Amino acid sequence: MPEIGPEGQEKLSKAKVLVVGAGGLGSPIATYLTGAGVGTLGLMDDDVVSLNNLHRQVLYSEDQIGQSKVLCAQARLKALNSEVQLLTYAEKLTQSNAETVIKEYDIVVDATDNADARYIISDCCQALGKPYVYGAICGLEGQVAVLCCGKASYRTLYPKVEGAPAPEIKRIVVGVTPAIVGGAEAAQVIQLICGYGQPLIDKLWTIDLRTMQTAIYNL
């Protein structure tokens with residue numbers, strides 16, 4: 001493809017990308033970035049594989065129930081592309097470990113399901129000057145943005161008053177929704193690395209799978 005070419009593939013092979021969350025969104029994101037040949041891919045999640053999540057967490061199978069998500073994902077992705085360096089963090093992202101982990105990567109991708117983690121990612125990326133590819137899903141709806149490399153951060157989307165609870169996030173989701181939204185996040189990562197087109201910097205892309213209507217909003 002002219003948008004990527006040999007130069008873009010070289011950039012991909014040298015890129016370091018951290019995916020926070022190895023569930024519904026993390027599954028397609030990690031799969032497509034591994035397939036694209038991202039040089040180093042970090043996977044961070046403290047959870048284990050659960051039966052009730054398999055409809056959307058397509059990196060895993062029934063015989064892996066109860067096992068660490070990131071270790072199962074690492075084995076599956078290594079079989080897909082052995083040239084990618086796959087690093088795992090079987091721990092929860094917190095205020096205390098965020099900077100230590102994030103500073104080692106070029107881009108951070110959001111595959112979490114809670115606002116507290118997103119505030120941590122956003123604040124840390126903004127402080128370190130790292131692009132933050134944000135994505136969120138609910139039911140048949142999803143949204144994606146590229147934050148912290150322009151004017152907007154997660155706090156632009158959801159301003160947080162100190163001491164107030166983080167916005168509640170509903171976790172009910174149809175399996176295809178994270179596939180589409182996670183694929184869009186992976187596409188943004190590849191676009192940022194290779195430098196083509198118009199990535200969603202300071203823009204919010206939304207999709208409603210009931211109608212297939214999409215929109216892009218300036219932040």
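**Exercise A**

Find the sign and size of phi at Gly-37, just after α2. Then state how many residues of helix α2 are buried.

*Solution.*
Step 1. Gly-37 follows directly on α2 and takes a positive phi of about 90°. Helices here are DSSP runs (H or I, at least four residues), strands likewise (E, at least two), all numbered from the N terminus.
Step 2. This is a predicted model, where local features need pLDDT of at least 70, side-chain atom pairs count only at pLDDT 80 or more, and totals for chains, interfaces and linings use all residues. Residues are numbered from 1 along each chain as its sequence is written, and side-chain values use heavy atoms, with hydrogens and water left out.
Step 3. Helix α2 covers residues 26-36, and eight of its 11 residues are buried, so the rest of the structure largely encloses it. Buried means under 20% relative accessible area, exposed over 50%, and partly exposed in between (1.4 Å probe, protein chains only).
Step 4. The buried set is Gly-26, Ser-27, Pro-28, Ile-29, Ala-30, Leu-33, Thr-34 and Ala-36.
Step 5. Ser-27, one of these buried residues, has a partner far along the chain. Val-58 is 31 residues from Ser-27 in sequence, but 6.0 Å away in space, C-alpha to C-alpha.
Step 6. Val-58 sits in the loop between β2 (40-44) and α3 (69-80). With a relative accessible area of 59%, Val-58 is exposed.

**Exercise B**

Cys-148 and Met-212 each have a positive phi without being glycine; where do they lie, and is each buried or exposed?

*Solution.*
Step 1. Recall the background: most residues other than glycine have a negative phi.
Step 2. Phi of Cys-148 is about 70°. Cys-148 belongs to the loop between β6 (141-147) and α6 (154-157). Its relative accessible area is 9%, so Cys-148 is buried.
Step 3. Phi of Met-212 is near 65°. Met-212 belongs to the loop between β7 (203-208) and β8 (213-218). Its relative accessibility is 53%, so Met-212 is exposed.

**Exercise C**

Describe how α1 and α7 pack, and list the residues that make the contact.

*Solution.*
Step 1. Choose the descriptors: two packed helices are described by the angle between their axes and the distance between the axes.
Step 2. For α1 (residues 5-14) and α7 (residues 176-194), the angle is about 110° and the axes are 9 Å apart. The axes are lines fitted to C-alpha atoms, for helices over the stretch in contact, and angles run from 0 to 180 degrees between N-to-C directions.
Step 3. Therefore α1 is roughly perpendicular to α7 (65 to 115 degrees; under 35 is roughly parallel, over 145 roughly antiparallel, the rest oblique).
Step 4. From α1 come Gly-8, Lys-11 and Leu-12; from α7 come Ile-190, Ile-193 and Cys-194. Contact means heavy atoms within 4.5 Å.
Step 5. By class, this contact holds four nonpolar, one polar and one charged residues. Ala, Val, Leu, Ile, Met, Phe, Trp, Tyr, Cys and Pro count as nonpolar, Asp, Glu, Lys and Arg as charged, and the others, Gly among them, as polar.

**Exercise D**

Which residues does Pro-199 touch, and where is Gly-195 relative to Glu-3?

*Solution.*
Step 1. Place both residues: the loop between α7 and β7 holds Gly-195 and Pro-199.
Step 2. Pro-199 touches Gln-188, Gln-191 and Leu-192, not counting residues up to four places away in sequence.
Step 3. Pro-199 and Val-173 are 26 residues apart in sequence and 26 Å apart in space, C-alpha to C-alpha.
Step 4. Gly-195 and Glu-3 are 192 residues apart in sequence, yet 8.2 Å apart in space, C-alpha to C-alpha.
Step 5. Gly-195 has a relative accessible area of 61%, so this glycine is exposed.

**Exercise E**

Locate Asp-106 and list its contacts.

*Solution.*
Step 1. Asp-106 lies between α4 (98-102) and β4 (107-110), in a loop.
Step 2. At 38% relative accessible area, Asp-106 is partly exposed.
Step 3. Neighbours within four places in sequence aside, Asp-106 contacts Lys-14, Ala-15, Lys-16, Lys-130 and Pro-131.
Step 4. Ala-79 is 27 residues from Asp-106 in sequence and 24 Å from it in space, C-alpha to C-alpha.
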